[in-house]
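Biologist: I have the sequence and the fold open beside me, and I'd love a close look at a single part. Could you pick one residue, tell me how covered or open its position is, and then walk me outward from there?

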2 protein chains.
Amino acid sequence: MTATSARTTDTGSADASSASSARRPADPTPAARVTLRPLGLGEARIAGGFWAPRQHVNATAAITQGRARLEEAGNLENLRIAAGVSSGEPVGPIFADSDVHKWLEAVAWEYDRRPSEELLEMQREVTALVAAAQADDGYLNSVVQVRHRDRGRYFDLPWSHEHYCAGHLIQAAVAQVRCTGDTALLDVAVKLADHLAETFGEDRRHDVDGHPVIESALVELHRETGVARYLELARYFVEARGHGLMESYGKEPTYFSDRVPVREATTVEGHAVRAVYLAAGAADVAVELGDDALLQALRTQFDHMLATKAYVTGGLGSRWDWEAFGDPYELPADRAYAETCAAIGGVQWAWRMLLATGDARYADAIERMLFNGFLAGISLSGTEYFYVNPLQLRADAHPDENRSPAHGRRGWFACACCPPNVMRTLASLDGYLATRDDSGVQLHQYAPGTVTADGIALTVETEYPWDGRVRVGVDAAPGPFTLALRVPAWAEGATVTAGGATRPAEPGYVRVDATAGDVVELHLPMAVRTTTAHPRVDAVRGCVALERGPLVYAAEQADHRVPVDDLHIDADARAGATHRPDLLGGVTVVTARGSSGEEELDLTLVPYFAWANRGAGPMRVWIPRA
Amino acid sequence: MTATSARTTDTGSADASSASSARRPADPTPAARVTLRPLGLGEARIAGGFWAPRQHVNATAAITQGRARLEEAGNLENLRIAAGVSSGEPVGPIFADSDVHKWLEAVAWEYDRRPSEELLEMQREVTALVAAAQADDGYLNSVVQVRHRDRGRYFDLPWSHEHYCAGHLIQAAVAQVRCTGDTALLDVAVKLADHLAETFGEDRRHDVDGHPVIESALVELHRETGVARYLELARYFVEARGHGLMESYGKEPTYFSDRVPVREATTVEGHAVRAVYLAAGAADVAVELGDDALLQALRTQFDHMLATKAYVTGGLGSRWDWEAFGDPYELPADRAYAETCAAIGGVQWAWRMLLATGDARYADAIERMLFNGFLAGISLSGTEYFYVNPLQLRADAHPDENRSPAHGRRGWFACACCPPNVMRTLASLDGYLATRDDSGVQLHQYAPGTVTADGIALTVETEYPWDGRVRVGVDAAPGPFTLALRVPAWAEGATVTAGGATRPAEPGYVRVDATAGDVVELHLPMAVRTTTAHPRVDAVRGCVALERGPLVYAAEQADHRVPVDDLHIDADARAGATHRPDLLGGVTVVTARGSSGEEELDLTLVPYFAWANRGAGPMRVWIPRA
């Protein structure tokens, strides 16, 4: 509804200072073929409730500690070495720079949420390190520049992650200029993107990085700068993939989503994070170019993923080996990989599909991923992380490596992709709450706070996800508009009350005519639900999962005298729910009748996201029927 | 009962030519604390029946082709390069030599089975290549010698496989001298073992190889040469492990069975092949040193493995990632790794435990592994192999790498450990049939053929495993003796007939007083059995497997109109069995009532070992109950 200041030029670098600086992540250009549009920065604000304390800890503890972690792990020193101001050999993985970039992105979004001089100082210092490490021609990957100087750039694109690091840098730069107005990192990003555009393409070096993310980043850079060549390069990277380029390096294309072109694929496969990042980038390309065939392919893939390759927690990726999607219905609870980053990538893809289509199923998927598969990746303290998010931990599980869940969450990892990814997601979470279109405003996720768009001002009050009531007050509006409230697919029997009348609200969006002074109340039933998997999911045959609202529940050893491994549930009995302010930072627990061997007993289940905060003992989401 | 010619000397190398040359693999010295002793070479011979055709194909096709495969894959050229008679860089994995050694071992055992000039010529040629590549001081690993000449020997023992290659060379050398009398490879082995003894030890370099096998090899070399230092070095390698030596290389000790000392471990963990090879070597050390505490620890570990970490097929290793054992009861059917080499290592370990203890459970385990987890690793053609042996393949399974079962069996692998391991196992299979002790002879595995020991001569006639009748004729005997026949644990209701009287035969060993001219008949019931897993095996909850005799059965898509993924079985209905000489080289199929959705139908199951010989389509061993 509002024109943006983005310019479109055919070639050349942008004058970054002239670009729009008040936009969310993944905000399409006015020309993009989308159904819904994100709100501007600051137009949706979470205040209190479930998420705000988590964002607060993310800001005050995680992001600040992140600066120190990056120093300890050597990521920042790598940049100094590449800049020539320090000596030695770089440490860590070849994509070490990307952790810095993701952290910088988190700093930027957090600055928008709650500006502080401390954040700005950290941002400036670390941005300067990144800028100093950049080669004269724009190339930047500190580990390759130093450790692999003899092998040269792009010597092993399937694994060398050079475009991947560039993508995260670009995303951080876009966030930085939007949130703080500082163009320092954008200057680096533009120089790097120009280098890429001069190096790669159909008529240049015909190649793609093994790890996607550059695609969505380049579209965002296009959106920010108006430079068409960045969008064109993103389109090229999406289209070049899927023709076995990895085979020219002697690599297996499946892992890299390089077996089938994106527009021909009917499912996701290979490395889960790579696959969903690629899909998110392809969605960005599709809407900017009005490529309906590509968008339709992505719908098919998303549907197939949700139907056959996603956990009830929204976790993605069944296999530890290659961190990959499994075959359809291969969804083991114990060996679920469900990388925290995959849930984040899944949210990013779903958000783009939601904007493109306005289909509530994508917002449902975002909710499921955020409250379960994503949130389990963070301790209640906010500073320890799971890399891997299984739906079961057995008795006598033996941790065999750094990322094993049996260790419990950890402050950092040798491969530290997840922690800064969590930070940037929590810091930018407000952006997923609402959208606008010509008719008005859509609320997709429920949290207390404010939403403003085009003169409409809403106040949302709710204890969600503990309570199913959501009260939306229309504080201001220039005239009548349509307020659309998402009714999750699980919320059978929901109602909406407006103008004194209560009516049923079917899953999807319930639309209410509203104007200033109105109060609209949504009531989502919070009965405990018993969920059974598709019969082809062999791993959980004869089991049920309990859900309540958007939350998946889990039985943890800490709440049971008998081994969790031997629990059975009386799935036909009525399950209860009790809010326990004292437990796990305040959670609603679910109780159900069950048994262990001959003994009947009460099962107590806690929200899955809260597991492993009392030690990482036996746990299971799927519980055998008695 | 018969003295061997093995000498014991305290130090120095052996005069190989004076050593015994008529012994099976893993034949303990007279001093060893064992209950049963292997027969000598040639004393048990399989003639016809189930196994002989497979051994014939192994000899005439697989072993001969193996020579060509080793040339094509570069293993032989690596040796020439190391010898300086060819130039270039070695190809393949750092353990490439071991494939040559295992193939040489297969040639030797096969020569014993059926001598031929062709085998001898291949043996002499390839042995000469191995000998020429050996360094002056005895060291030998062609890939390290050339590719890693700058890094030096033993630069990364967790992964460099130098002792592993040495172990396989030693095993081949012992087989060669025993079967052909040729000492050429034994000279290489002794020189290499002396080098190892001078280099490694408590007071020398304190270190172990990441991949065991050297332990059992050194004990065998001790048995062959009588040199005590080889046994001592084997003991050292067993004891040095389990104290985190791998951590000094920055590696995770669990994978390498280096977390807990062997004598303290209560289970197996980490890489499955490594773990069972280590256990087999430890068993060799235990019996030679009369170390009952070590043997008891190995019994505990074997029991725990069978109870919690072994598939119904005898397959070992639940995880693709790290090719590893899982946590207890973590036994997914679809993602079973169950490497063919792990079944072979499991047989080797079980055989040593059987000799040590005389406990029929170990012979039961050998049978289960041989007929299922091992044999599925070989095509009916005898020349194509599975590396990985899952118990389920889904519809739409997508092969994502060379070893994926969805590809079907393959003639060779980039990591080609399994094919020559299969060859040496089939060529030496006769050795697992029978043992002797002071009381007489024990038959552990049933195949038609002859068994002779200490003047006793038996002829065995049987159609096993298709038919449960085993007829043993005593052709000669110096006097009365005890004939012990194994009654498998699954054979409830077995009977034995001797001297005209039939009596029940309980699982374990049924012992019969016998003398020349007697005929003893064992009858093992061959009713189809319905097997349910332990309730903690979540992966197959609500499912049954069908077994008949020693064979596990599987439903394959080729025999069903409806998708195998949707089959259910009426587990309470009586299953039938029909021999089908036309099918899969002649197999007994099992039929059972079942359903798919609303439709009732007949399920037809084939022996698991025979799956994927009509294309690698959907298959499942564990079938959901209707």
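Modeller: Happy to! Let's start at B:Y139, bearing in mind that this is a predicted model. B:Y139 counts as partly exposed because 18 other C-beta atoms lie within 10 Å of its own, where 20 or more would make a residue buried and 12 or fewer would make it exposed. You'll find B:Y139 in the loop that links helix 4 (117-133) and helix 5 (142-147) of chain B. If you set aside its neighbours within four places in sequence, B:Y139 is in contact with B:R153 and B:H195. For a sense of scale, try B:A365: it sits 226 residues from B:Y139 along the chain, and the two C-alpha atoms are separated by 37 Å.

Now compare that loop position with a helix. Helix 9 of chain B covers residues 214-225, and its 12 residues reach 16 Å from the first C-alpha to the last, close to the 16 Å expected at 1.5 Å a residue. Helix 9 of chain B is mostly covered, with 12 of its 12 residues buried. Among those buried residues are B:I214, B:L218 and B:L221, and also B:E215, B:E220, B:R223 and B:E224. What does the covering? It includes helix 7 (162-180), helix 8 (184-199), helix 10 (228-240) and helix 11 (272-289) of chain B. Just after helix 9 of chain B comes B:G226, which has a positive phi, near 80°.

From here we can step across to the partner chain. In the contact between the two chains, 28 residues of chain B meet 28 residues of chain A. On the chain B side, 16 of these residues are charged, nine are nonpolar and three are polar. For the complex, the predictor gives an ipTM of 0.93 and a pTM of 0.94.

Chain A itself is divided into domain 1 (50-432), domain 2 (434-464 + 468-523) and domain 3 (529-624). Between the C-alpha centres of domain 1 and domain 3 of chain A there are 32 Å. Their contact draws 24 residues from domain 1 of chain A and 27 residues from domain 3 of chain A. On the domain 1 side, helix 14 (360-374) and strand 3 (392-393) of chain A each supply at least two residues, and helix 14 of chain A gives the most, with four residues. By class, that side of domain 1 of chain A has 14 nonpolar, six polar and four charged residues.

Chain A also has an open sheet of five strands in the order 1-4-5-9-12, with mixed pairing. Its edge strands are strand 1 (37-38) and strand 12 (508-514) of chain A, each of which pairs on one side only. Strand 12 of chain A runs antiparallel to strand 9 (residues 481-487) of chain A, and seven bridges join the two. Within that pair, A:A484 stands opposite A:R511 of strand 12 of chain A.

One last word on confidence. Chain A has a mean pLDDT of 95, and 96% of its residues reach 70 or more. Residues 1-21 of chain A have a pLDDT below 50, although this stretch has 47 contacts in the model beyond near neighbours in sequence. Where pLDDT is low, the predicted coordinates should not be read in detail.

Key: Residues numbered from 1 in each chain as written. Chains lettered and ligands numbered in written order. Predicted model: local features only at pLDDT ≥ 70, side-chain atom pairs only at ≥ 80, totals over all residues. Contact = placed C-beta atoms within 7 Å. Nonpolar A, V, L, I, M, F, W, Y, C, P; charged D, E, K, R; others polar. Pairing = 2+ DSSP bridges. Domains from an automatic or database assignment. Expected span 1.5 Å × (residues − 1). pLDDT = per-residue confidence, 0-100.
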